[in-house]
Amino acid sequence: MTVFDAALLTLFADPNLAEDALWRPGGTGAGQAIRVIRVQPQPVVDIGGAKLVQDGTVFDVLAAVAPAIAERDTIEANGQLYRVQAPPMPTMDGRVYRLDVVAI
(Lines give C-alpha, C1' and ligand atoms only; values in the text may rest on other atoms or scores of the structure.)
Protein backbone atom coordinates (compact mmCIF):
# COMPACT_ATOMS: atom_id res chain seq x y z
CA MET A 1 0.00 0.00 0.00
CA THR A 2 1.35 3.39 -0.97
CA VAL A 3 1.12 6.58 1.06
CA PHE A 4 -1.59 7.78 -1.37
CA ASP A 5 -3.67 4.66 -0.78
CA ALA A 6 -3.34 5.17 2.98
CA ALA A 7 -4.38 8.82 2.65
CA LEU A 8 -7.44 7.90 0.58
CA LEU A 9 -8.48 5.25 3.10
CA THR A 10 -8.20 7.89 5.85
CA LEU A 11 -10.35 10.35 3.89
CA PHE A 12 -13.04 7.78 3.13
CA ALA A 13 -13.06 6.67 6.80
CA ASP A 14 -13.55 10.25 8.06
CA PRO A 15 -17.20 10.69 9.19
CA ASN A 16 -16.99 14.41 8.34
CA LEU A 17 -16.23 13.70 4.67
CA ALA A 18 -17.69 10.32 3.81
CA GLU A 19 -20.84 8.39 4.64
CA ASP A 20 -21.92 4.78 4.69
CA ALA A 21 -23.78 3.55 1.65
CA LEU A 22 -25.05 0.31 0.15
CA TRP A 23 -24.09 -0.56 -3.44
CA ARG A 24 -26.35 -2.95 -5.34
CA PRO A 25 -25.00 -4.17 -8.70
CA GLY A 26 -27.85 -4.04 -11.20
CA GLY A 27 -30.03 -2.50 -8.51
CA THR A 28 -30.86 -5.86 -6.91
CA GLY A 29 -29.67 -8.12 -4.15
CA ALA A 30 -28.51 -7.61 -0.60
CA GLY A 31 -25.83 -5.14 -1.65
CA GLN A 32 -22.31 -4.36 -0.49
CA ALA A 33 -21.39 -1.81 2.15
CA ILE A 34 -19.22 1.03 0.79
CA ARG A 35 -18.24 4.56 1.79
CA VAL A 36 -19.03 7.50 -0.50
CA ILE A 37 -18.01 11.15 -0.53
CA ARG A 38 -20.56 13.60 -1.91
CA VAL A 39 -18.95 15.94 -4.41
CA GLN A 40 -20.29 19.32 -5.47
CA PRO A 41 -21.03 19.08 -9.21
CA GLN A 42 -20.01 21.93 -11.46
CA PRO A 43 -23.34 23.80 -11.56
CA VAL A 44 -22.93 25.50 -14.95
CA VAL A 45 -21.66 23.73 -18.06
CA ASP A 46 -20.75 25.65 -21.23
CA ILE A 47 -21.46 23.67 -24.41
CA GLY A 48 -20.95 25.49 -27.70
CA GLY A 49 -21.74 28.85 -26.16
CA ALA A 50 -24.89 27.60 -24.43
CA LYS A 51 -24.81 27.57 -20.65
CA LEU A 52 -26.62 24.65 -19.06
CA VAL A 53 -27.37 24.37 -15.35
CA GLN A 54 -26.62 20.95 -13.92
CA ASP A 55 -28.72 19.78 -11.01
CA GLY A 56 -27.38 16.50 -9.78
CA THR A 57 -25.57 14.48 -7.22
CA VAL A 58 -22.04 13.19 -7.59
CA PHE A 59 -20.37 10.56 -5.41
CA ASP A 60 -16.74 9.52 -5.18
CA VAL A 61 -16.06 5.89 -4.28
CA LEU A 62 -12.82 3.95 -3.88
CA ALA A 63 -12.27 1.87 -7.01
CA ALA A 64 -10.70 -0.94 -4.96
CA VAL A 65 -13.88 -1.27 -2.89
CA ALA A 66 -16.30 -1.24 -5.85
CA PRO A 67 -14.23 -2.24 -8.91
CA ALA A 68 -17.23 -3.40 -10.94
CA ILE A 69 -19.58 -0.49 -10.22
CA ALA A 70 -21.48 0.36 -13.39
CA GLU A 71 -24.25 2.35 -14.96
CA ARG A 72 -27.72 1.31 -13.68
CA ASP A 73 -26.35 0.07 -10.34
CA THR A 74 -27.97 1.61 -7.28
CA ILE A 75 -26.51 3.23 -4.19
CA GLU A 76 -28.48 3.80 -1.02
CA ALA A 77 -27.06 6.60 1.11
CA ASN A 78 -28.63 8.42 4.04
CA GLY A 79 -32.00 6.75 3.43
CA GLN A 80 -32.15 7.85 -0.24
CA LEU A 81 -31.86 5.50 -3.22
CA TYR A 82 -29.76 6.66 -6.20
CA ARG A 83 -29.17 5.14 -9.64
CA VAL A 84 -25.80 5.46 -11.35
CA GLN A 85 -26.81 7.21 -14.57
CA ALA A 86 -23.51 7.22 -16.49
CA PRO A 87 -20.41 5.06 -16.66
CA PRO A 88 -18.08 5.70 -13.70
CA MET A 89 -15.30 8.19 -14.42
CA PRO A 90 -11.98 7.10 -12.92
CA THR A 91 -9.49 9.65 -11.64
CA MET A 92 -6.18 9.90 -13.50
CA ASP A 93 -4.58 7.29 -11.27
CA GLY A 94 -7.66 5.05 -11.23
CA ARG A 95 -7.93 4.94 -7.44
CA VAL A 96 -11.31 6.72 -7.22
CA TYR A 97 -14.44 6.54 -9.36
CA ARG A 98 -16.64 9.60 -9.75
CA LEU A 99 -20.30 8.62 -10.09
CA ASP A 100 -23.05 10.73 -11.60
CA VAL A 101 -26.18 9.59 -9.78
CA VAL A 102 -29.85 10.51 -9.76
CA ALA A 103 -32.30 10.05 -6.89
CA ILE A 104 -35.04 7.51 -7.59
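# Briefing: cores, strands and one aromatic pair

The largest nonpolar core has 16 residues, and Phe 59, Ile 69, Ile 75 and Leu 99 touch the most other members. Six elements give it two or more residues each: strand 1 (18-24), strand 2 (32-39), strand 5 (57-62), strand 6 (74-77), strand 7 (80-84) and strand 9 (96-103). Strand 9 supplies the largest share of this core, three residues. The model is predicted.

**Overall build**

- The protein chain holds one helix and nine strands.
- Read from the N terminus, the order of elements is α-β-β-β-β-β-β-β-β-β.
- The radius of gyration is 14 Å, which agrees with the value near 13 Å for a compact globule of 104 residues.
- Along the principal axes, the C-alpha atoms of the chain fill a box of roughly 45 × 35 × 25 Å.
- Of the 104 residues in the chain, 30% are buried.
- The chain exposes about 6,500 Å², and carbon and sulfur atoms supply 59% of that area.
- Take the contacts between residues at least 6 apart in sequence: 44% of them join residues at least 24 apart.

**The cores**

- Leu 99, one of the residues that touch the most other members of the largest core, lies within the span of strand 9 (96-103).
- Leaving aside neighbours within four places in sequence, Leu 99 is in contact with Thr 57, Val 58, Phe 59, Val 61, Ile 69, Ile 75, Val 84 and Pro 88.
- That list includes Phe 59, Ile 69 and Ile 75, which are also named among the residues touching the most other core members.
- A second core stands separate, with six residues, including Phe 12, Ala 18, Ile 37 and Val 96.

**Strand 1 and its partners**

- Strand 1 is largely enclosed by the rest of the structure, because five of its seven residues are buried.
- Strand 1 and strand 2 run antiparallel and are joined by six bridges.
- Within strand 2, Ile 37 stands opposite Ala 18. Both residues belong to the second core.
- Strand 1 also pairs with strand 6, again in the antiparallel sense, over four bridges.
- Leu 22 has Glu 76 in strand 6 as its bridge partner.
- In a regular strand, side chains alternate between the two faces of the sheet.

**Thr 74 in strand 6**

- Thr 74 has its place in strand 6.
- The relative accessible area of Thr 74 is 6%, so this residue counts as buried, the cut-off being under 20%.
- Not counting residues up to four places away in sequence, Thr 74 touches Leu 22, Trp 23, Arg 24, Gly 27, Leu 81, Tyr 82, Arg 83 and Ile 104.
- Of these contacts, Leu 22 is the residue bridged to Glu 76, and Tyr 82 is a member of the aromatic pair described next.

**The aromatic pair**

- One aromatic pair is found in a search of the whole structure.
- The pair is Phe 59 with Tyr 82: ring centres lie 5.2 Å apart and the planes stand at 85°, so the arrangement is edge-to-face. The cut-off for that class is over 60 degrees.
- This pair links distant parts of the chain, with Phe 59 in strand 5 and Tyr 82 in strand 7, 23 residues apart.
- Phe 59 is buried, with a relative accessible area of 0%.
- Tyr 82 counts as buried too, at 8% relative accessibility.
- Phe 59 thus appears here in the aromatic pair, among the best-connected members of the largest core, and among the contacts of Leu 99.

Terms used: Residues numbered from 1 in each chain as written. Predicted model: local features only at pLDDT ≥ 70, side-chain atom pairs only at ≥ 80, totals over all residues. Heavy atoms only, no water. Core = buried A, V, L, I, M, F, W, Y, C linked by side-chain atoms within 4.5 Å. Buried < 20%, exposed > 50% of the residue type's maximum accessible area, 1.4 Å probe, protein only. Contact = heavy atoms within 4.5 Å. Pairing = 2+ DSSP bridges. Rg over C-alpha atoms; globule rule 2.2 N^0.38 Å. Areas by Shrake-Rupley, 256 points an atom, 1.4 Å probe, with all protein chains shown as cover. Phe/Tyr/Trp six-rings, centres within 6.5 Å; stacked < 30°, edge-to-face > 60°.
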